Amino acid sequence: MALSLGWKAPRNRCGLLLQAMRSSGLLLFPCGRCPWRGAGSFLDPEIKAFLEENTEVTSSGSLTPEIQLRLLTPRCKFWWERADLWPHSDPYWAIYWPGGQALSRYLLDNPDVVRGKSVLDLGSGCGATAIAAKMSGASRILANDIDPIAGMAITLNCELNQLNPFPILIQNILNLEQDKWDLVVLGDMFYDENLADSLHQWLKKCFWTYRTRVLIGDPGRPQFSGHSIQHHLHKVVEYSLLEPTRQENSGLTTSTVWDFQP
């Protein structure tokens, strides 16, 4: 499987579209001025059609059967194709990673964590955790990812779950001035040592500046379990992964939600 989980690597192989949008810091839906009025009305029709043709709508095999997502599955053509045939940047958003599953399950089971609060979903990917926050009553949500295709997929996933799309920021948020959030959630982001270091510093500043609560989802990747951030974590809950997720993630069996307390 060319596009299976072997390509979980630093997000640095981006197409021309991604480079242009990253340089401009595209905000697909500026807060308070959401232009969305109909299903997919703002999406490039060709890209929307491509995503709908080459992903499968599924809610099975994950910790959150309540959430429907467009994902790459073995029934999709590009699951089996060579990775270089995928015409856009690497589709990290098309896999529902185990850290995100744990975070989403926790928010759905514990809506008081987000109800009436502002939530930043950092490295949102398919948008599942932001969707879980919306379902659980968050008052303000920003989904952040550097890939504009992820932003489009998030909007389609909102549509699948009968939700109005929330703002989506397409830029490396670590390079921006921090905003105030009640809660920051991030899943599966500690897959690269340099990124892990940058995240650690950014999250510490966020915590100490605004007293923001930070929840991290991770299945025990070595870049996370061996990082110094471990000294500042409190385990919230651990989930057993379903068999399909275990098979797709090299046999990882659990995923944990951590509370960051520097």
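This note sets out numbered remarks on a predicted model, taking its strands, helices and internal spaces in turn.

1. Strand E8. This strand covers residues 213-218, and 5 of its 6 residues are buried. The strand is thus described as mostly covered. A student may wish to locate E8 before reading further, as the next two points concern its partners.

2. The parallel partner of E8. Strand E7, made of residues 183-187, pairs with E8 in the parallel sense, over 5 bridges. Within this pairing, Val185 has Leu215 of E8 as its bridge partner. Between the two strands the chain passes through helix H7, residues 193-210, and this β-α-β crossover is right-handed.

3. The antiparallel partner of E8. Strand E10, residues 254-260, also pairs with E8, here in the antiparallel sense and over 5 bridges. One position to inspect is Ile216, whose bridge partner in E10 is Trp258.

4. Helix H5. How much of this helix is covered? Of its 8 residues, 6 are buried, so H5 is largely enclosed by the rest of the structure. The buried residues are Ala128, Thr129, Ala130, Ile131, Ala132 and Ala133. Their cover includes strands E3, E4, E5 (140-144) and E7, together with helices H4 and H6 (148-160). Just after H5, Gly137 takes a positive phi of about 100 degrees.

5. Ser104. This residue belongs to helix H4, which spans residues 98-109. Is Ser104 buried or exposed? Its relative accessible area is 0%, and Ser104 is therefore buried, since the limit for that term is under 20%. Apart from neighbours within four places in sequence, Ser104 is in contact with Thr64, Tyr96, Ala128, Thr129 and Ala132. Three of these names, Ala128, Thr129 and Ala132, appear among the buried residues of H5.

6. The largest cavity. How many cavities of 30 Å³ or more does a search of the whole structure find? The search finds 2. The largest cavity holds about 160 Å³ of space. It is lined by 20 residues, and those closest to its centre are Gly100, Gly123, Ser124, Gly187 and Asp188. Two or more lining residues come from each of H4, strand E4 (118-122), H5 (128-135) and E7. Helix H4 gives the most, with 3 residues. By class, the lining has 9 nonpolar, 7 polar and 4 charged residues. The general idea behind such a search is that rolling a probe the size of a water molecule over the atoms shows where empty space is left.

7. The second largest pocket. About 280 Å³ of space lies in this pocket. Its lining consists of 18 residues, and Thr58, Ser60, Thr73, Pro244 and Glu248 lie nearest its centre. Strand E3 (69-71) and helix H9 (243-248) each supply at least two residues of the lining. Which element gives the most to this lining? Helix H9 does, with 3 residues. The lining divides into 8 nonpolar, 8 polar and 2 charged residues.

8. Elements that recur. Helix H4 contains the buried Ser104, helps to cover the buried residues of H5, and gives the most residues to the lining of the largest cavity. Strand E7 pairs with E8 and also supplies two or more residues to the lining of the largest cavity. Strand E3 is part of the cover over H5 and contributes to the lining of the second largest pocket.

Terms used: Residues numbered from 1 in each chain as written. Predicted model: local features only at pLDDT ≥ 70, side-chain atom pairs only at ≥ 80, totals over all residues. Heavy atoms only, no water. Buried < 20%, exposed > 50% of the residue type's maximum accessible area, 1.4 Å probe, protein only. Helix = DSSP H or I, 4+ residues; strand = E, 2+ residues; numbered from the N terminus. Pairing = 2+ DSSP bridges. Right-handed = clockwise from strand over helix to strand, strands pointing away. 1 Å grid on protein atoms, 1.4 Å probe; cavity = no way out; pocket = protein on both sides within 12 Å on 5 of 7 lines; lining within 4 Å. Points joined across faces, edges and corners; volume = space filled by probe spheres on them. Nonpolar A, V, L, I, M, F, W, Y, C, P; charged D, E, K, R; others polar. Contact = heavy atoms within 4.5 Å.
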